[in-house]
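Work through the exercises below with the structure open. Try each task before reading its solution.

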Amino acid sequence: MEVGAGSGQLSKGGFYATYTDPESDNWTLTVVKIDEDHAPCTRPALPAFNVSDETVTFKLAPHMKTKGISVWYSNFEAYNPDGTVDQVFERQADLKIIDGSFSISVPIGSFYTISTIQKGPTKGLPETPIPKSEPSLPLPLYQDFEGILTSQEAPWWADQIGAWEVHYENASASNKVMRQMVPELPIGWSDHGGNGPMTLLGMREWQDIQITAKFLLPQNLTRVPHACLGSRVDQMWADGIVFCVGADGAWTLTVGGPNLGGNEFKGTMYTNGSTVAPVKESWSTIKLTTIGDKASGSVNGAQLFSDVTIRNLDTGFAALGAGDWYSIAFDDVGIEQAGPNWKPTSPCGAPMIGSIVSVRDCAANGVTVDDEAFELLADWGIRHVKSGLCAAVKNAASGTGLTLQKCNPKDLHQQFKNDYTNVRNTVVPFKLKAATYLNSDSDSDSDSDSNSDSDCDCDS
């Protein structure tokens with residue numbers, strides 16, 4: 001096969017690609033036709049395109065193998081009412097090649113795998129996760145990093161800026177710590193040097209936690225190093241409550257983490273001051289507690305602020321961070337629940353067909369009752385988990401409200417398009433395919449609020 005001859009676009013939308021084995025006469029052809037609704041791309045956004053069903057004929061090169069051609073088929077847009085698809089990597093009848101050609105019907109949503117490989121490929125099944133999946137990370141959590149292999153990430157921490165690894169504190173190999181390893185500004189992806197390095201742990205819904213850690217600041221730097229704890233932070237700690245203390249004893253409580261360099265902050269400065277400077281080459285302890293609209297913090301047991309009023313709209317992860325690219329180390333990290341807001345709210349009522357979908361104040365810390373849980377389906381549906389019913393709009397007019405109905409993936413009044421990459425992190429508009437935007441910033445009953453920090457969906 002000539003280079004470039006085995007891949008291209010389909011005449012009515014979609015594409016195909018061929019893979020050949022250089023050591024044998026085996027080849028595999030994939031054919032894909034996904035519509036614009038189900039093929040969004042955010043980096044950058046794709047231009048608008050249309051697809052439609054078609055029958056496609058492929059002609060093989062004379063030297064290509066033409067016997068024993070197996071076919072597997074998936075269709076990711078033929079949805080069942082529960083949002084699942086039946087046809088996933090299903091083995092079809094072998095293809096018959098006639099005069100070096102074959103034709104296949106390619107409907108919207110299809111994915112063909114056509115191959116000379118007859119044996120081996122099968123549809124797999126997911127294993128039961130061990131331990132069993134839980135809706136939230138159990139607290140309290142304590143880590144001293146012992147027992148973790150060096151040069152590895154610590155369990156559950158997710159590096160967002162910089163690289164955080166477990167290493168021995170020093171050559172004596174007597175204590176393991178988590179250390180930031182990047183010595184200077186790297187080539188950035190999402191962040192290009194605006195914020196200091198940070199790693200996070202937990203869940204997006206946390207609000208009321210206490211996080212404590214020991215820290216060891218590097219010495220002999222030309223700038224003042226800072227150690228930071230974060231509560232309720234987002235993935236780039238642009239938001240959230242962040243407490244930092246420097247090697248000179250200066251400390252701050254802010255919205256969001258420090259700018260690179262550690263001396264300026266983009267967000268609100270709640271309070272700041274100065275304390276006894278951490279002792280060089282010795283471990284210090286920093287603690288941050290956030291409960292509702294109050295925050296408290298201490299360094300080495302000295303209370304630096306208590307019940308400072310903060311905004312209570314933030315939710316997010318616990319974080320460890322620094323103000324610049326240096327080898328700060330953390331150890332003995334503890335995270336625990338704080339305050340009274342860790343109990344489920346009262347149930348909304350028995351859900352049924354026709355129940356009105358309304359909103360009420362969210363329970364803090366992601367602690368909810370079953371009938372408040374909704375999930376987004378791949379066909380743009382919004383399914384109520386407990387009842388298995390889907391949110392629907394009676395008609396496309398604004399203000400008509402949402403009710404629970406039997407799920408029907410073909411009903412445009414149940415299809416709410418959204419920015420699926422950001423819906424978890426912020427409030428985004430949901431576009432009803434039947435007609436108009438349901439803007440979550442409005443007070444209309446037809447609003448569909450994806451992730452408000454003050455309200456949560458509840459049927460009544």
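E54 is buried, and so is K33. The model is a predicted one. The exercises start from this pair.

**Exercise 1. Find what joins the side chains of E54 and K33, and place both residues in the chain.**

Step 1. Check the contact. The N to O distance is 2.8 Å, and the two side chains meet in a salt bridge. The cut-off is 4 Å.

Step 2. Place the residues. E54 sits in strand 4 (residues 54-59) and K33 in strand 3, so the contact ties together parts that are 21 residues apart in sequence.

Step 3. Set the pair in context. The count for the structure comes to 11 salt bridges.

**Exercise 2. Trace the salt-bridge network that includes D37.**

Step 1. Take K417. Its closest N and O atoms with D37 are 2.6 Å apart, a salt bridge. K417 is in strand 29 and D37 in the loop between strand 3 and strand 4, 380 residues apart.

Step 2. Take K433. D37 forms a salt bridge with K433 as well, with the closest N and O atoms 2.5 Å apart. K433 lies in the loop between strand 30 (430-432) and strand 31 (437-438), and 396 residues separate it from D37.

Step 3. Assign exposure. Buried means under 20% relative accessible area. D37 has 14%, so D37 is buried. K417, at 27%, is partly exposed. K433, at 31%, is partly exposed.

Step 4. Join the results. D37, K417 and K433 are linked in a network of salt bridges.

**Exercise 3. Locate the disulfides and determine their handedness.**

Step 1. Search the whole structure. Two disulfides turn up.

Step 2. Analyse C228 and C244. Their sulfur atoms are 2.1 Å apart. The S-S torsion is about 110°, so this disulfide is right-handed. C228 is in strand 15 (residues 226-233) and C244 in strand 16 (residues 241-246), 16 residues apart. C228 is buried at 0%, and C244 is buried at 1%.

Step 3. Analyse C390 and C407. Here the sulfur atoms are 2.0 Å apart. The torsion is about 90°, so this disulfide is right-handed. C390 lies in strand 27 (residues 390-393), and C407 in the loop between strand 28 (402-405) and strand 29 (416-417). C390 is buried at 2%; C407 is buried at 13%.

**Exercise 4. Which strands stand at the edges of the six-strand sheet?**

Step 1. Read the order: 1-2-3-8-5-6, an open sheet with antiparallel pairing.

Step 2. Go to the edges. Strand 1 (8-9) and strand 6 (90-95) each have a single partner strand, so one side of each lacks a neighbour in the sheet.

Conventions: Residues numbered from 1 in each chain as written. Predicted model: local features only at pLDDT ≥ 70, side-chain atom pairs only at ≥ 80, totals over all residues. Heavy atoms only, no water. Disulfide = S-S within 2.5 Å. Helix = DSSP H or I, 4+ residues; strand = E, 2+ residues; numbered from the N terminus. Buried < 20%, exposed > 50% of the residue type's maximum accessible area, 1.4 Å probe, protein only. Pairing = 2+ DSSP bridges.
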